[in-house]
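I opened this notebook to record what I looked up in a predicted model. My plan was to begin with one helix and then turn to the nonpolar cores.

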Amino acid sequence: MSSKNNTPKPGSPRRASKAPDPQSQPQTTPGTVPGPRNAQAFPNFKPFHSAVNRIPVLRTRSTNEAASGNLSPDLFADSPALGHDHLHPDRWSGSIDVEMTVRTPLVFGAQTEHDGKTYVNVPVDDADNPVIAPTMVKGMISRAYEALTCSRFRLFCGHDEPLTYRADPAMASPLIAGRITTGSDGQLALELLRGRHGDNDIGLIRDDPEKGLGTLILEGHPITLGPGQKEPSSQQVWIRFRNLLKHGQKVGVKLTPCNDCCIVTQVYNLSSKEFERFFSLTPEQDAKSFLAIGYVCRTAQDAHDNHPPSKALYADKHYERFFFSVSDSGKFSPEHRILTSSVLKAYERVINSYRSEHASLEGKPNQRVLNRASSGPEHLAPRDGDLVFVRLDDESGEVAEILPTMVGRRSYDRSPRELAEEQDVLPLAKAAEASPADRLFGYVVNSPEDGASGGDVAARGRIVVGPVDSTGALVSTKEKQLAPLLSPKPSSARRFLTDKDGLTPKETDEKPLRRDQYFTDGQLLGAAAYPVHRRLLEGEDLDSDGFPKQATTAASLGGQQQSNDSVRLTAGSWLASGSVLRCTVNFTNLSCDELGALVWVLTPENLVPPEERTTGEGTQSPVGYLRMGLGKPLGLGTIEVRIAKDGLRAVCGDDLAGLYARLDGCLGQEKCTYPLSHFPLPNEDTLREEPWVRALQRAAFGYTGEPPVRYMSLDENKKNNQTESGNQTDSGNRDPKPGRGLAPTDLCAEPPEPIDMGSAPQQGQRSQQRQRGQQGNHHKRR
């Protein structure tokens with residue numbers, strides 16, 4: 001079948017094979033204002049269910065149960081896939097007629113560029129009928145089968161190294177200044193710079209000529225004046241101050257104590273052999289100034305103009321830092337510490353994560369200014385002279401972590417690939433490792449061994465999806481600019497991981513984990529899941545075209561919409577709710593258990609949690625849904641998939657041999673239809689209690705009640721990552737604040753409580769919190 005992709009041109013008419021039937025469209029809720037421009041996003045800090053979640057993949061548990069005979073080995077054990085050279089006498093072959101009803105708009109197709117926008121359009125054939133690739137249907141069914149059978153991940157690309165995450169500012173409190181150096185043995189070591197009297201002070205270098213502690217002194221500087229100029233300008237003095245204090249330079253200064261910090265007020269001039277005074281505080285404070293030798297640490301990039309570079313990083317940043325160490329006798333006295341290979345490796349990962357950010361933004365318009373750690377693509381590893389922030393182990397006092405910035409990225413302990421390997425969910429590497437879904441839907445080994453052949457390289461699946469009949473499709477050409485589709489970020493950790501029981505990893509007292517406690521031994525990766533948005537199925541939260549309002553509303557931060565057309569797709573055409581698609585799924589050599597599992601996922605009444613089922617005469621059984629296409633987290637692509645009436649045709653291999661012997665039939669011409677009950681899911685009662693099956697059902701059914709299904713907002717995410725403030729001697733005080741560190745509610749939970757972030761802080765509260773954060777501890781001084 002040939003197909004074409006119509007790139008929309010604004011203002012030109014578009015054709016549709018069928019106009020959407022108004023009777024088939026969910027109706028908008030009374031009182032709502034239709035249209036994406038007027039659509040209001042769900043309010044922040046109100047209860048909600050996460051639009052992205054995970055289904056547990058408990059392969060150790062399931063394979064052990066299969067080995068013990070409690071679950072079917074055909075559905076839960078690894079073994080080589082069957083060949084296609086003959087049909088086994090006790091296995092089944094046949095076909096299934098499948099009907100797919102679109103319940104929320106389906107967006108799919110090739111992406112094209114036009115007038116600065118990226119469009120996605122439903123491909124159509126010469127008769128303007130939509131073209132749905134059979135592989136889309138196969139992928140939709142296989143994902144459900146994989147979740148049911150705890151199969152291996154089909155794809156797993158990259159993630160060989162531990163990921164990094166952005167730390168909360170409160171985690172900066174216990175950090176100590178340090179400098180990487182080369183030890184006498186030629187290995188990298190550390191100078192720990194503890195400030196004055198071992199108090200872990202870090203001096204402040206004012207980096208804004210107009211704001212900050214102290215008064216700028218204009219006289220006494222060797223600055224050439226211009227015609228008619230009686231004294232240097234504040235800008236000239238500030239530029240000289242910066243030139244004397246370049247990043248990494250070892251220099252003598254005078255520090256003036258002020259409240260809980262000390263600020264650089266004088267710099268030693270090598271030419272005049274005298275201190276040059278740049279700032280003055282009060283006479284009482286100036287009298288307490290003391291001499292210190294140390295290093296200038298600037299996290300902001302070097303300025304290319306006369307604007308304060310620190311302020312370019314963020315508006316409230318007015319200071320850089322001075323690392324020093326002064327003994328009681330007034331001498332420069334750094335402590336020398338060993339740097340282990342694991343500490344150096346973690347530092348390298350953080351540096352490279354900044355380097356990746358630099359590479360990803362290169363050549364692209366970007367409003368964000370990168371810090372120094374991001375700006376040097378040549379900086380690939382720890383090196384002599386690097387100024388770092390150090391975290392010491394609470395118990396041993398040894399170096400636990402070194403970091404290029406005080407508030408920035410940290411490294412997790414284990415990589416996703418390490419966890420996946422221990423969990424036994426990596427894609428198979430040889431035939432004997434084929435999991436149930438691999439054997440049914442086929443596979444290709446990513447990196448086969450030299451000389452490998454047959455199933456050690458690839459295996460063709462025993463499921464073939466035929467052409468999709470789209471004559472019942474309803475195509476809309478009402479343009480919809482989608483909200484940005486956020487790519488998965490495994491570094492966020494919480495929605496990707498479970499414990500051995502399929503639940504959110506927590507402390508023994510049920511408190512949320514600290515960020516650094518994720519990606520550690522014993523944690524498991526979950527399979528991505530996008531719970532159904534039931535409010536949409538009930539006609540709520542839709543615009544006048546039956547399109548989810550949330551799907552066209554950009555995210556906001558601090559009340560300001562974060563809209564960027566370059567990262568938003570425009571659906572030029574899409575399949576409307578009520579569209580009906582049909583296809584035939586052919587199968588060969590399936591065991592009775594495999595066919596039972598396939599029939600189970602194609603029966604929508606099975607995809608409903610037990611607590612949501614209704615009983616009684618005359619009541620309609622609720623159903624669950626599978627997902628297809630783009631924008632699943634936004635509520636798009638909800639599909640009711642079921643086997644058509646009398647649509648299951650099958651023949652056993654032994655009977656098929658008899659048909660061939662009598663010249664009375666052949667494969668593909670099966671005449672015998674079976675009721676779905678003829679192929680039950682083995683051990684169904686047991687499986688319905690397993691966390692991965694309960695999670696599959698909840699994702700397919702969604703949630704009843706008022707709380708919507710949505711992303712956590714940017715403001716909520718910032719608040720959710722807040723941690724308790726620590727101090728210079730207690731680096732363990734990095735726990736999430738009460739009510740923070742929340743993960744998506746476990747899909748297998750009963751009942752599934754929504755996430756409740758509580759009320760948002762008022763603007764005045766935010767300002768007060770920011771001020772306390774800047775004044776309460778000198779480590780957090782901007």
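Entry 1, a helix and one arginine. I started from Arg698, which I found placed in helix α15, spanning residues 691-701. Is Arg698 buried or exposed? Its relative accessible area came out at 1%, and because the cut-off for buried is under 20%, I noted Arg698 as buried. I then listed what Arg698 is in contact with, leaving aside neighbours within four places in sequence, and obtained Pro609, Glu611, Glu612, Tyr703, Leu747 and Pro752.

Entry 2, the rest of that helix. I checked how many residues of α15 are buried and counted 11 of the 11, so I wrote down that the helix is largely enclosed by the rest of the structure. The buried residues include Trp692, Arg694 and Gln697, as well as Leu696 and Phe701. Just after α15, I saw that Gly702 takes a positive phi of about 90°.

Entry 3, the cores. I next looked up the largest nonpolar core, which has 70 residues, and found that Ile96, Met100 and Val137 are those with the most contacts inside it. The largest share of this core, 7 residues, comes from helix α3, which covers residues 134-148. Apart from this core I found another, of 21 residues, with Ile205, Ile223, Val264 and Phe324 among them.

Entry 4, one residue of the largest core. Which residues does Val137 touch, not counting those up to four places away in sequence? I recorded Met100, Ile132, Val465, Val468, Cys583 and Met628.

Key:
Residues are numbered from 1 along each chain as its sequence is written. This is a predicted model: local features need pLDDT of at least 70, side-chain atom pairs count only at pLDDT 80 or more; totals for chains, interfaces and linings use all residues. Side-chain values use heavy atoms; hydrogens and water are left out. A nonpolar core is a set of buried Ala, Val, Leu, Ile, Met, Phe, Trp, Tyr and Cys residues joined through side-chain atoms within 4.5 Å. Buried means under 20% relative accessible area, exposed over 50%, partly exposed in between (1.4 Å probe, protein chains only). Helices (H or I, at least four residues) and strands (E, at least two) are DSSP runs, numbered from the N terminus. Contact means heavy atoms within 4.5 Å.
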